[in-house]
Amino acid sequence: MGEINHECTCHGNPLVPQVVKVIKITQETPDVKTFRMQTPDGKKPFAPLPGQLGMISVVGVGEGMFSITAQGEDWIESSIKKVGMLTEAFHELAEGQEIAIRGPYGNHFPVEALKGKDLIFIGGGIGLAPVRSLIRYCMEHREDYGHIDIVYGSRSPEDLCFKEDLFQNWPKEKDTRVEITVDRGNETWEGNVGFVPAYVEELAFSPENKKVILCGPPIMIKFTSEALVRMGFAKEDVITTLEMRMKCGIGKCGRCNIGSKYVCLDGPVFNLAELDELPDEK
Amino acid sequence: MQLKKTDLTGALKILAADASVFVPGEIEGIKRFVLWDGESDVDLGGANTQLPPKDILFPCTEKMYNYKMGDSIEIKEIVEKPRQVIFGIRPCDMRSIDCMDHVFLEKGFVDSYYSRKRENVTLIAMGCTTPERTCFCDSMGLDPNNAPNADVMMNDGGDTLVLEAYTEKGKAVLEALNGLLSEGGQAKKDTACTLKVNMTPELPEKLAGMFDHPIWDEVTRACIGCATCTYVCPTCYCFDIDSDNHGAEGTKFRCWDSCMFSDYTRMAGGHDPRPTKKERVRNRYMHKLSYFHERYGQHLCVGCGRCVEKCPAHMDITMFIDKAAEV
């Protein structure tokens, strides 16, 4: 995948974080919040490429690796789902509080190799967060990329992340189509109901000149990948991201290995052909 | 050059003048490297230490930075550059430092905590004279008589130690000891391991294709997940990062971790890609014998035999190697 960018901004010691202020918190779903971060003197902490990661800490509680889902002139954002002790601490933060971050870590989506291609973004649940960094990048460099399809699914209409992007911002973009599905609808939901893999097959994409960027829960990635291969997509053209438990973020502490690769350093972005080369330990 | 064994204490005094000198010793009945006390006799012969000296460059708990919480957060990095000498380290443990160098100093990021210690350490190695029955370093491609990455290599010469400087740091050591050294010396360099293991050059790649082989069910059955193997291993470098809070301030530290523990890879939300001892032991053996080789071009097992000696369940990596070479 994309060449590894090791321009960490940690003042020479990659394991020491810099302090950032949470300047905005958006409640995306009942259990997902997006945190906008900025240095105390109003600057962007670092400029990640799409798909890259940040090790973010609630100081005194712990740190965890999260994708940087968006960035602006002077801020970066991560979306965090409440699943455990650390993420609960994130959800208790208030705007104006300080936290710490180190990074950017990992490789990134191959923005150069995707140029001139039609792109299909497929996200499931919180898996839209890493994909969103690339969608935003492509929107900012819209002339470099062909037609864009965004297929997104979540458990229920309430669980759809980034609703403003999904329903307002992205459908307005040139040559862009947004297709949303939910596992279970409700009384007001008029969109599609069904799992992402089936919905992708229903949408019957042709593989010609297309690249797919696919992120979501492991089971959704598995079945969607199989569907895409059945539809004729080459494994090299389906790009996804992996997750493992991480501590150091710089390929030293050991735990995020799959075979000889470290997900924090050599990943998180891999295509399906590359995943086939790794031991089946996902 | 040679140093009379009766002058060893004198030589250590010179080295200890401006550095902490670690020597083979004993604490609570366990043979391990200890800070030289400035007077005790040091026995460089016999079996290797039961614990490796890895904690000198990679402490089992290491403070990283202090923080203060409040309206604003302050973070202050902890920087330590101790001048240290490891005196009498064996070729297997020297090779493990080579492995650590790959991990902590290469592939894009330099680990500051390790590199500061590494730059300031002087490694004075000692060739083995009496291998243990569990020693198999020469099957792993090492020479128990020589450590190529040492600053100074010492070998037994009867009444003397025969010294050779391999690096600039090593030359400085010999210069400092000059008054105690004399020309000549006949070093014994014919030590060989008694335990021979069938570590073929093809094995790393062969193992990579054996991820789903039934051998793993068999060889992992005895494991009780106690992590002794990783604790005594000179090359096991996995670490955890955690914090120690005292009210509104605290310290971030890292400490040794073990891939044998159940929560090592378990993620928030409960998913664990290595849920049983089978996946964990497989990952450990594969890392030692295949993955590390693929990534860095050398084995992560140096043949010191400590895990074979210490495992309470009699797990034996040498038996695994022999078995895997045959299937």
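I take contact to mean heavy atoms within 4.5 Å, and I use the word in that sense throughout these entries.

**Setting up.** I am working from a predicted model, in which local features need pLDDT of at least 70, side-chain atom pairs count only at pLDDT 80 or more, and totals for chains, interfaces and linings use all residues. Residues are numbered from 1 along each chain as its sequence is written, chains are lettered from A and ligands numbered from 1 in the order in which they are written, and side-chain values use heavy atoms, with hydrogens and water left out.

**Cysteines of chain A.** I looked up the UniProt record, an unreviewed entry, which lists Cys248(A), Cys253(A), Cys256(A) and Cys264(A) under "binding site"; the positions are given in the numbering used here, feature names are shortened, and such annotations may be inferred rather than shown by experiment. These cysteines span 17 residues in sequence, yet no two of their C-alpha atoms are more than 10.2 Å apart, so they gather at one spot.

I then placed Cys264(A) in the loop between strand S15 (261-262) and strand S16 (269-271) of chain A, where helices (H or I, at least four residues) and strands (E, at least two) are DSSP runs numbered from the N terminus. Cys264(A) has a relative accessible area of 2% and is buried, on a scale where buried means under 20%, exposed over 50% and partly exposed in between (1.4 Å probe, protein chains only). Beyond its neighbours within four places in sequence, Cys264(A) is in contact with several residues, among them Met65(A), Tyr105(A), Met246(A) and Cys256(A).

Cys248(A) sits in the loop between strand S13 (238-241) and strand S14 (257-258) of chain A and is buried as well, at 1% relative accessible area. With neighbours within four places in sequence again set aside, the contacts of Cys248(A) include Cys253(A) and Tyr105(A), and also Phe239(B) and Ile241(B) from chain B.

**Salt bridges.** I counted as a salt bridge any side-chain nitrogen of Lys or Arg within 4 Å of a carboxyl oxygen of Asp or Glu, and the structure holds 33 of them over all chains. One of them, at 3.1 Å from N to O, pairs Arg274(B) with Glu281(A). Arg274(B) lies in the loop between strand S12 (249-256) and helix H9 (277-296) of chain B, and Glu281(A) in the segment after helix H6 (272-277) of chain A, so the pair joins two chains. Both partners are buried, Arg274(B) at 1% relative accessibility and Glu281(A) at 3%.

Within chain B, I found Glu309(B) bridged to Arg133(B), with the closest N and O atoms 3.6 Å apart. Because Glu309(B) belongs to helix H10 (residues 306-310) and Arg133(B) to the loop between strand S7 (121-126) and strand S8 (152-157), the pair ties together parts that are 176 residues apart in sequence. Here Glu309(B) is partly exposed at 34%, and Arg133(B) is exposed at 62%.

In chain A, I noted that Arg36(A), Glu77(A), Arg132(A) and Asp165(A) are linked in a network of salt bridges.

**A charge left unpaired.** Which side chain of opposite charge is nearest to Lys252(B)? It is Glu63(A), 4.3 Å away, and Lys252(B) is buried yet has no salt bridge; in this tally Lys and Arg count as positive and Asp and Glu as negative, while His and the chain ends are not counted. Lys252(B) lies in strand S12 of chain B, and its contacts outside the four-place window include Gly62(A), Glu63(A), Tyr65(B) and Asp242(B).
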